[in-house]
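Here are my comments on the entry you asked me to look at, kept to points that can be checked against the coordinates. Please read them with the structure open.

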Amino acid sequence: MKLPNIRVSFKQKFRDWAFRRTVETGTVLLNQRRIYILPTRQSFAFGAVLLLMLLGDINYNLSLGYMLTFLLATSGGLTMLYAFRNMARLEIHAGYVEPVFAGEQARFVFHFNNPGPLERHALHLHDDDGHETVFDLPARASTAVELALPAPQRGWLDSGRLTLHTRFPLGLFNAWTYLHFDVRALVYPKPAAPQPLPVAASPDGSGKTTVRGDEDFFGLRNYVAGDALPRIAWKALAREQGLQVKQFSAQQGQQLWLDWSQLPDIAAERKLELLTRWVLDAEAQGLHYGLRLPDGETAPQHGAAHRAECLRRLALFGVHEA
């Protein structure tokens with residue numbers, strides 16, 4: 001029962017020994033000092049077959065058998081060279097990673113440049129958890145390769161140490177190298193279910209809520225635990241349409257403050273999810289909105305850059321920068 005653990009421990013120790021470099025920036029060139037090669041299980045099986053063939057040749061003194069056996073042995077040995085050449089001299093650098101929401105997959109982009117005249121086949125790029133992408137590289141060309149990694153929680157998601165390997169052409173030898181670039185994906189909080197936006201603030205920026213009797217009716221949605229009773233659509237309930245809640249939208253041109261302190265007493269992550277939902281909805285409705293968090297505020301604005309800044313602050317709230 002301990003043998004798998006021993007193998008895992010040996011593999012981990014070898015990787016730590018072989019890859020002593022820190023996180024890398026810029027372009028990585030794969031040379032003979034970075035590429036490691038070991039025979040695979042198929043290689044040992046192939047060798048056992050060759051040994052049996054050699055014993056048969058010796059026993060029956062088969063001249064053509066000798067020729068075939070040594071020809072196959074030479075071909076098998078050459079596959080080690082081809083496995084090395086399939087990765088040698090490749091140039092790799094990391095690209096930009098688009099931000100994602102928690103629960104989605106972050107798509108890390110790596111640019112591979114093949115400056116040589118040989119095509120590269122069956123290259124595998126994967127992490128320790130088994131997330132993998134397989135690709136080929138044309139000769140004298142550059143290719144962008146995406147590796148999708150799950151983003152379970154908000155904050156920064158590091159690509160971690162990745163493995164690039166190949167068993168081309170016959171699967172007899174495994175050539176590999178380790179890559180760890182200084183690249184991270186920004187993960188926003190997961191948006192909460194649709195919620196009514198807070199009442200907009202007065203246009204003079206005083207921060208006082210505007211009491212209006214002619215708010216724009218936005219529609220109905222299903223009741224969620226914690227919704228205010230005055231917003232329940234009792235007429236819809238009487239018509240046996242289920243328990244629903246009225247939604248109202250703030251008018252364009254008003255200042256809408258999304259304020260942490262005005263939220264109910266719920267978990268911090270839940271507050272961040274609600275604020276994320278409101279940022280998305282306010283931007284979609286063309287409102288000028290601001291964001292107030294315990295560590296500061298962002299003045300009301302509108303646009304893609306303002307949306308990205310608000311989401312970035314929500315993603316990194318309470319997160320210590322590396």
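The points below concern a predicted model, and they go from one sheet to the helix on it and then to the nonpolar cores.

1. The sheet considered here is open and has five strands, paired antiparallel in the order S2-S11-S10-S6-S7. Strand S2 (36-39) and strand S7 (132-137) are the edge strands, and because each has a single partner strand, one side of each is left without a neighbour in the sheet. On average, and with direction ignored, neighbouring strands are turned by 25° against each other.

2. Within this sheet, strand S10 (residues 162-166) and strand S11 (residues 173-179) run antiparallel and are joined by five bridges; Leu-164, for example, has Thr-177 in S11 as its bridge partner. Helix H3 (residues 63-85) packs on the sheet, where it touches S2, strand S6 (120-126), S10 and S11, and the direction of the helix makes about 20° with that of S11.

3. The largest nonpolar core has 32 residues, and those touching the most other members are Leu-30, Phe-108, Phe-110, Phe-112, Leu-125, Phe-135 and Leu-164. Two or more residues each come from strand S5 (105-114), S6, S7, strand S8 (141-150), S10, S11 and strand S12 (184-188), with S5 giving the largest share, four residues.

4. Phe-135 deserves a separate look: leaving aside residues up to four places away in sequence, its contacts are Phe-112, His-121, Ala-122, Leu-123, Leu-125, Val-145 and Leu-164. Apart from the core described above lies another, of 24 residues, which includes Val-279, Leu-280, Ala-282 and Tyr-289.

Key. Residues numbered from 1 in each chain as written. Predicted model: local features only at pLDDT ≥ 70, side-chain atom pairs only at ≥ 80, totals over all residues. Heavy atoms only, no water. Pairing = 2+ DSSP bridges. Axes fitted to C-alpha atoms, helices over the stretch in contact; angles between N-to-C directions. Contact = heavy atoms within 4.5 Å. Core = buried A, V, L, I, M, F, W, Y, C linked by side-chain atoms within 4.5 Å. Buried < 20%, exposed > 50% of the residue type's maximum accessible area, 1.4 Å probe, protein only.
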